[in-house]
Amino acid sequence: MNSVYVGIILAMRVVQSCFTKKASTLLPQELKGRIKYFSISQMAAAGLALLSVLFMNELTEIELQTLVIATLSGVSLVLSSICGILAIQSGTIALNSMFSTAGLLVPCIAGIFLFQEPMSYLQWVGVLVLFISAYLLVVSSKQTYAGFSRKTLLLLLGTFLFNGLTMLFQLIFSRFVPNGSVSMFSFLTFLIPGVVLTCILPFLKNQKEENKDSKLPRKLIYFGLLLAVAVFVINQLATITSATLSPVILFAFINGGGTVIATIVAAVMFHERITLRSACGVVLGVASLIIIKAF
C-alpha cells in the first residue's frame with residue numbers, strides 16, 4: 001500500500017509544480033492580499049481534512065500532544081508555502097524543488113537523535129552531493145532569472161528549513177502518537193494557521209486605496225484551491241507512510257521524484273531552458289537521494 005501512496009504523492013507533485021508557478025505570477029504585491037490568499041488556501045485544505053475526519057468517523061477528543069504537534073506542523077507548512085511561492089517568482093522551478101527536497105535532511109538528522117536511526121558514511125556523501133547539486137542549480141537560475149538576489153536565496157533557505165520541519169513534525173506525530181488520528185492531525189495542521197491568518201486580515205490596511213476590497217484574481221483562487229487539494233493529499237499520505245517507512249527512504253523518494261517532475265513541468269509548460277548546469281544539478285540531486293535511500 002505504501003507504493004500506492006507514494007505514487008499518489010508524486011502525482012500531487014505534478015499539480016504543485018504546475019500551479020505554484022502559475023499562482024506566483026498572480027500573487028498580489030500587498031500584504032493583505034497575500035495573507036488573504038494563504039488563509040483561503042489553508043481553510044480549503046482544512047475543509048478537505050474535516051471531510052476525511054467525518055468519513056473516517058474520527059471526530060474524537062483532541063489530545064494535547066496532537067494539538068501541539070499539529071500547531072507546529074501548520075506553522076512550518078504555511079511558512080514553507082510562503083517562502084516557496086515567493087522564491088519561485090525569481091528562481092527556477094527546479095531550483096525551488098531542490099531546496100524543498102533538501103529539507104529531508106532535517107528529519108533525517110533529527111532521526112539520529114530522536115529515533116536512533118543513524119545515517120551511514122555513504123549517506124553523508126549523498127548529502128555532500130546534494131549540496132553540490134543545489135550550487136549548480138543556483139548558478140543556472142541566476143542565468144535564467146536576472147532578478148535572482150540574496151532575498152531569493154534567503155527565501156530558498158526558508159523553503160528548505162520549513163519544509164524540513166514540516167516533514168519532521170509529520171514524523172514525530174506518527175512515532176509519538178501512533179494511535180492518533182491522521183485525519184484529525186491534518187485538519188488541525190491546516191485549520192490553526194488558517195484561522196490565525198483569517199483573524200489577522202481585519203487589522204491590516206490596504207496599501208492601495210483603489211483596491212479597498214483586496215479582491216483576489218479569480219484564477220488565483222482556483223489555483224489556490226487546487227494547491228490546497230495537493231497539499232492536503234501529500235500531508236495526509238506522507239504522515240501515514242512515515243509510520244512504517246524510514247524517514248530517509250520515504251522523504252528521499254517522494255522528494256527526489258518531485259524534483260524530476262518539477263524539472264520536466266518547468267521545461268514543458270513554462271519554457272525554462274534546461275542548461276548543462278541545471279541538468280547536472282538535477283542528475284546529481286537525484287543521485288544524492290538514491291545514495292541516501294540505498295545506503
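These exercises work through the helices, helix packing and selected residues of a predicted model.

Residues are numbered from 1 along each chain as its sequence is written, and side-chain values use heavy atoms, with hydrogens and water left out. Local features need pLDDT of at least 70 and side-chain atom pairs count only at pLDDT 80 or more, while totals for chains, interfaces and linings use all residues.

**Exercise 1. Overall make-up**

Task: State how many helices and strands the protein chain has, and what share of its residues count as buried.

Solution.
- Step 1. Helices (H or I, at least four residues) and strands (E, at least two) are taken as DSSP runs and numbered from the N terminus. The protein chain has eleven helices and zero strands.
- Step 2. Read from the N terminus, the order of elements is α-α-α-α-α-α-α-α-α-α-α.
- Step 3. Buried means under 20% relative accessible area, exposed over 50%, and partly exposed in between (1.4 Å probe, protein chains only). On this scale 54% of the 295 residues of the protein chain count as buried.
- Step 4. A contact means heavy atoms within 4.5 Å. In the protein chain, residues 24 or more positions apart account for 91% of the contacts with a separation of 6 or more.

**Exercise 2. Helices α3 and α7**

Task: Describe how α3 and α7 pack, giving angle and axis separation, handedness and the classes of residue in the contact.

Solution.
- Step 1. Axes are lines fitted to C-alpha atoms, for helices over the stretch in contact, and angles run from 0 to 180 degrees between N-to-C directions. Helix α3 covers residues 64-87. Its partner α7 covers residues 150-176, and the two pack at an angle of about 155° with their axes 8 Å apart.
- Step 2. Angles under 35 degrees count as roughly parallel, over 145 as roughly antiparallel, 65 to 115 as roughly perpendicular and the rest as oblique. The angle therefore makes α3 roughly antiparallel to α7.
- Step 3. A crossing is left-handed if the near helix is turned anticlockwise from the far one by less than a right angle, and right-handed if clockwise. The crossing of α3 and α7 is left-handed.
- Step 4. Ala, Val, Leu, Ile, Met, Phe, Trp, Tyr, Cys and Pro count as nonpolar, Asp, Glu, Lys and Arg as charged, and the others, Gly among them, as polar. The contact of α3 with α7 has 15 nonpolar, eleven polar and no charged residues.

**Exercise 3. Residues in α3 and α7**

Task: Place T71, S80 and G164 in their helices, and decide whether S80 is buried or exposed.

Solution.
- Step 1. T71 lies in α3 and is partly exposed, at a relative accessible area of 27%. Its C-alpha atom is separated by 9.5 Å from that of F169, 98 residues apart along the chain.
- Step 2. S80 also belongs to α3; with a relative accessible area of 10%, S80 is buried. Leaving aside residues up to four places away in sequence, S80 touches T159, F162 and N163. From S80 to L155 the C-alpha distance is 9.0 Å, at 75 residues apart in sequence.
- Step 3. G164 is in α7 and is buried, with a relative accessible area of 0%. With residues up to four places away in sequence not counted, G164 touches G103, V106, P107 and T159. The C-alpha atoms of G164 and V106 are separated by 5.0 Å, although the residues are 58 apart along the chain.

**Exercise 4. Two partners of α9**

Task: Describe the packing of α9 with α2 and with α8.

Solution.
- Step 1. Helix α2 (residues 31-55) packs with α9 at about 45°, their axes 8 Å apart. That angle makes α2 oblique to α9, and the crossing is right-handed.
- Step 2. On the α2 side the contact includes Y37, S41 and A44, and on the α9 side L220, G224 and F232 are among its residues. By class, the contact of α2 with α9 has eleven nonpolar, four polar and no charged residues.
- Step 3. The axes of α8 (residues 182-200) and α9 (residues 218-241) come within 10 Å and cross at roughly 135°. This makes α8 oblique to α9; α8 passes α9 in a right-handed crossing.
- Step 4. V182, S183, F185, S186 and F190 of α8 meet V231, F232, N235, Q236, T239 and I240 of α9. The contact of α8 with α9 divides into six nonpolar, five polar and no charged residues.

**Exercise 5. Cysteines**

Task: State how many disulfides the structure holds, and give the exposure of C18 and C199.

Solution.
- Step 1. A disulfide is a pair of cysteine sulfur atoms within 2.5 Å. The structure holds zero disulfides.
- Step 2. C18 is buried, at a relative accessible area of 8%, whereas C199 is partly exposed, at 46%.
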